[in-house]
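User: I would like to go through this structure by question and answer. Please fix each term as it comes up.

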Amino acid sequence: MIWPFARPALPPLDAASSARRVALARQEVDLKRPLADMRWCVVDVETGGLDAARDPLLAIGAVAIERGRIVLDASLEVGLTQAQSTAAANILIHGIGGSEQRAGLAPHEALLDWLEFSRGAPRVAFHAAFDQTVLQRAVRAQLGLAIDAPWFDAAVVAPLLFPDAAPHCRHLDDWLAHFGIAVYARHGALADAYATAELWLILLQAAQRDNIATAHQLRGLLRARRWLSVH
Amino acid sequence: MTHIIPLANSLHRATIDALRRQAPFSAMAEDELLWLVQRLSVAYFARDAVLLPPADTPPDALFIVKQGTVAGATAEGHTVLQLATGEMFPLGALLAGRGAANRYSAATDAFCYLLPAADFHALLAKSPEFHDFCTRRIASLLEESQRAVQSEYALALDDESRFSRPLESLVRRTPLSALPATPLVDALAALVAARVGSVVVADAAGQPLGILTLKDVLARVTLAGVPLDTPISAVMTPDPATLSVDAPVADALVLMARQGIHHIPLVREGKLVGVVSEKDIFALRRLSVEGITSAIARSEDPARLPALALDIGDLAHSLLAQGMDAENLTAIISSLNDRLTERIIALESEADAALAGLRWCWLALGSEGRMEQTLATDQDNALIFTEASEAQRDALLAFALRVNHRLDACGFPLCRGGIMASNPKWCLSASGWQQQFTQWIDHGSPDSLLNASIFFDFRPLTGDAALALDLRAWLNRAAQKNQRFLHQMAGNALRNRPPLGLVRDFVLSDDNAHPRTIDLKLNGATPFVDAARIFALASGSSQTNTAKRLRAAAPALRIPDAELADWNRAFHFLQLLRLRHQHEQQRMRIAPDNHLDPDTLNPLDRRILKEALRQARKVQARLALDYQL
């Protein structure tokens, strides 16, 4: 669906980008296929701060899981060019220097790449709300699109499937350490997305072990759990 | 030079770096690695999950272990492989385009890279380093086939099996023990005399009450200035940790490590039956040809030789597991058995005054004569002497009988056919042997031919070797003169056909005792052995070893080098299969034999076995041609 926002004005798109944008406007995600056959898109973003509503999107890293395997060829690693460098504080976390921030793709192209990469797949991230908010905001601002794709939060699914480990595991690092997953470059968007994808493979196995056959069922279970914890 | 490849994102680069820590990826070019990485996917396998079952169809992907351990097990469930980070499987199946023989499952939670089979083959064509690494392993299987397939893994398992056998197997002597009231002076004197490291204090019923080791003596006796008439019970370590003799060796190792002790009394039904020391256990790992040879040479007590015979078996197992080829391995087994037999003969003959002044020679016959002993071998031996009185001959027979029994105690069972030096029929003077041989050569009956096949492989083992060498020279002349005899030998050899079937791969035995098996000795190795013997007799060669006989006869018979090499490879592959089969049986505590069920072989080995039997037929065809049979 294309939202007719009046403000802020969308950046002008060239013909090719416009065509891509139109093609991406609609996407369907089928959550009722068997878990083992699903295509998943595991993503991590880097931002100029920890405020999902305001801080700029710096980089997107994503890998695809197809039929239970992480496909190395299909991995996305894009930096978004910034009008100006962000605060030094975040550079310490992400290690992206000022010059690197200005390298990369124009934001609208990076986001088109992202939408094409993730097309038709449920998104997975650790603490997914943050990545979801940042990406949706950027996509709306740059492309004027609101994509309604399902998101799964590994940080919520992991404790559900491994309740025994949950008390000791809060952060992504805790879960990675618990399962002995190494990260080749922590806080790099693609490296974190890849590590999250390995975690997701383990969670998919565990879900099937627990007779959860589809993403749809998994989502139902998560909703029930959320409902239980809220009420 | 490292050049940055623009297409490689950080994940690709990190994967390349990770792969590069292992062969063959460490030697591969950057662009080949990137090509590889872009075709990989990553899968996760929870512990015990099956990655690849045995199959009839070729696998659709190559697995490279990324993290964790993958185990490969045979159809019977024996784990034969442990694959760790960077290792690939199933290479053989992918290369040969056949189904995987082993079941691969995750020994721990594991991540693996998968490369589609088509890409695997493309990479073989693309990267010489990758190609070399993958095919050289298999080439050794397909062509020379002399290496144990799963050498390093088998070695690890072999160590495991050594540590899982009962402690009883380490008990080499009656333990040194003392009653609690024994004065220290007596106990320590006994310790020195027995050259051991500890004395166990036990009550009259043999129940261990304490232990005193040499180390304890220093602190508790010498430095403490305890008078030597003190009863040993005053300084012993009371209530020592003990183990049942039935407990596995590993238990002793654990107990020693846990309690920081070096000696453990072993008990059966509460009574002391032995002591195991840390040294005994670690000696298990230090088996070597030199070590065993010198231990045999040093041994003054024939009662200790059976333990050394066990060491020979252990060494053979370990060399087999390390992938030693059959030709060298059977030669090593035979020569260590020679040393052992020589030592027994020396100990038995030196002490025997009745043998003084006699010229005699101990003859090794059969497989021992050919230096082709496997792990299952009974005695085949004889004696030759110059001249002896009736009394001297009796003394020789009595001496031979003692040697035969000592050999029996060392695990070489008495020959069921009575082909032993203690049998008066096979303890003959030089002229007696010539008469006997002449009779066999002239007679040509089935019995004569059978005897000829055993006795004509004789070799001097110890004593006056000239007697045996003269007999060999005489025999070669006699056999060469008698074409009819060689013709009969050839005809007899050809009656034993290699069991290759037209319909199925193999003709299996219908023998009830060993259903559905191939006799690797009779139907596999014997055709080569028989043919080689005839070739040697015909050409006047004095070699007794099959491979050497074939090599020596080849020029005269104009056997092309390539054919000769194939024959010897085939023969040694059959010998290797026998050794592996017997090794496996001994590990399972079954008496070793030569009856192999070909279905237990992996498809590659089956193919090689078929090829080896085809070579046996070729040798026979050559024999048939030479003797117009």
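Analyst: Two residues are in contact if their C-beta atoms, placed from the backbone, lie within 7 Å. This is a predicted model: local features need pLDDT of at least 70, side-chain atom pairs count only at pLDDT 80 or more, and totals for chains, interfaces and linings use all residues. Residues are numbered from 1 along each chain as its sequence is written, with chains lettered from A and ligands numbered from 1 in the order in which they are written.

User: Which residues does F63(B) touch, not counting residues up to four places away in sequence?
Analyst: Residues up to four places away in sequence are left out here. The remaining contacts of F63(B) are L51(B), L52(B), M88(B), F89(B), C112(B) and L114(B).

User: Which helix gives the largest share of the largest nonpolar core?
Analyst: A residue is buried if 20 or more other C-beta atoms lie within 10 Å of its own, exposed if 12 or fewer, and partly exposed in between. A nonpolar core is a set of buried Ala, Val, Leu, Ile, Met, Phe, Trp, Tyr and Cys residues joined through C-beta atoms within 7 Å. The largest has 105 residues, and F63(B) and C112(B) are among those with the most contacts inside it. Its largest share, 14 residues, comes from residues 189-209 of chain A, helix α8.

User: How many residues are in the other core, with W360(B) among them?
Analyst: This core lies apart from the largest one. A316(B), A493(B) and L623(B) also belong to it. Its count is 91 residues.

User: How many helices and strands are there in chain B?
Analyst: Helices (H or I, at least four residues) and strands (E, at least two) are DSSP runs, numbered from the N terminus. Chain B has 629 residues, and buried residues make up 40% of them. The counts for chain B are 23 helices and 21 strands.

User: Why is strand β17 of chain B largely enclosed by the rest of the structure?
Analyst: N381(B), L383(B) and F385(B) point one way from β17(B), A382(B) and I384(B) the other way. Both sets are buried. The strand is largely enclosed because the buried residues number five of the five.

User: What is the handedness of the crossover from β17(B) to β18(B)?
Analyst: Two strands pair if DSSP finds at least two bridges between them. β17(B) pairs with β18 (residues 427-429) in the parallel sense over three bridges, and F385(B) stands opposite S429(B). The chain crosses between these strands through helix α15 (residues 390-409). With the strands pointing away from the viewer, a clockwise path from the first strand over the helix to the second is right-handed, and this β-α-β crossover is right-handed.

User: Which residue of β17(B) is the bridge partner of W362(B)?
Analyst: Strand β16 (residues 360-364) of chain B runs antiparallel to β17(B), and five bridges join them. The partner of W362(B) in β17(B) is L383(B).

User: Which strands stand at the edges of the open sheet β13-β14-β15 of chain B?
Analyst: The sheet has three strands and mixed pairing. Each edge strand has a single partner, so one side of each is left without a neighbour in the sheet. These are β13 (243-244) and β15 (271-277).

User: Is L176(B) buried or partly exposed?
Analyst: L176(B) sits in the loop between α6 (151-164) and β9 (177-178) of chain B. Its contacts beyond four places in sequence include A190(B), L191(B) and V200(B). It has 18 C-beta neighbours inside 10 Å, so L176(B) counts as partly exposed.
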